[in-house]
Amino acid sequence: MPEIFRFFGYSFFFYSREHEPVHVEGKDGYAVYDLVGDVFVLREKQGIKSNDQRKIEAVISDNRDIIIKRWMEHFEK
């Protein structure tokens, strides 16, 4: 379960056995985002407040290239 980074008390990561999704977990809940085309789209969310969701989505959008790069590095091993 490689962690990509941490922001606002949330861990952004992916599971080694999955393809594409970005998981986000924190003390309040979790969310899962899928890469659809060239953007990440919310698939599932539980317990995350709307304000935190906006922050999470901004982090994902601003760091899209880093997320994809880390994913590719991991799976190209």
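The following dialogue examines how several labels are justified in this predicted model.

User: Why is Ser11 called buried?

Analyst: Ser11 lies in strand 2, residues 10-13. Its relative accessibility is 10%, and the term buried requires a value under 20%. Ser11 therefore counts as buried.

User: What makes the link between the side chains of Ser11 and Glu3 a polar contact?

Analyst: The two side chains approach to 2.5 Å, and the limit for such a pair of N or O atoms is 3.5 Å. The pair of Ser11 and Glu3 therefore qualifies as a polar contact. Ser11 also touches other residues, including Phe5, Arg6 and His23.

User: Why is the pair of Glu3 and Arg6 called a salt bridge?

Analyst: The closest N and O atoms of Glu3 and Arg6 are 3.1 Å apart, and a salt bridge requires a separation within 4 Å. The pair therefore meets the criterion. As for exposure, Glu3 has a relative accessible area of 33% and is partly exposed, whereas Arg6, at 56%, is exposed.

User: How do you know that the side chains of Glu73 and Lys69 meet in a salt bridge, and how are these residues placed in helix 2?

Analyst: Their N to O distance is 3.5 Å, which is within the 4 Å limit. Glu73 and Lys69 are 4 residues apart in helix 2 (residues 64-75), so about one helical turn separates them. Glu73 is partly exposed at 40%, and Lys69 is exposed at 52%, because exposed means over 50%.

User: Why is the aromatic pair of Phe5 and Phe12 called tilted?

Analyst: By the ring rule, the count comes to 5 aromatic pairs. Phe5 and Phe12 form one with centres 5.1 Å apart and 50 degrees between the planes. Rings pair if their centres lie within 6.5 Å, and an angle that is neither under 30 nor over 60 degrees is termed tilted. The label therefore follows from the angle of 50 degrees.

User: What makes the pair of Phe7 and Phe12 edge-to-face?

Analyst: Their ring centres are 6.3 Å apart and their planes stand at 85 degrees, so the pair is edge-to-face. The angle required for that label is over 60 degrees. Phe12 is buried, with a relative accessible area of 0%, while Phe7 is partly exposed at 32%. Ring pairs link Phe5, Phe7, Phe8 and Phe12 into a cluster.

User: How do you know that Lys55 lies over the face of Phe8?

Analyst: Lys55 is placed over that face at 5.3 Å from the ring centre, and the distance limit is 6 Å.

Definitions and conventions: Residues numbered from 1 in each chain as written. Predicted model: local features only at pLDDT ≥ 70, side-chain atom pairs only at ≥ 80, totals over all residues. Heavy atoms only, no water. Helix = DSSP H or I, 4+ residues; strand = E, 2+ residues; numbered from the N terminus. Buried < 20%, exposed > 50% of the residue type's maximum accessible area, 1.4 Å probe, protein only. Polar contact = N/O pair within 3.5 Å; in protein donor to acceptor, adjacent residues only side chain to side chain. Contact = heavy atoms within 4.5 Å. Phe/Tyr/Trp six-rings, centres within 6.5 Å; stacked < 30°, edge-to-face > 60°. Lys NZ or Arg CZ within 6 Å of the ring centre and 35° of its normal. Lists of a residue's contacts leave out its neighbours within four places in sequence.
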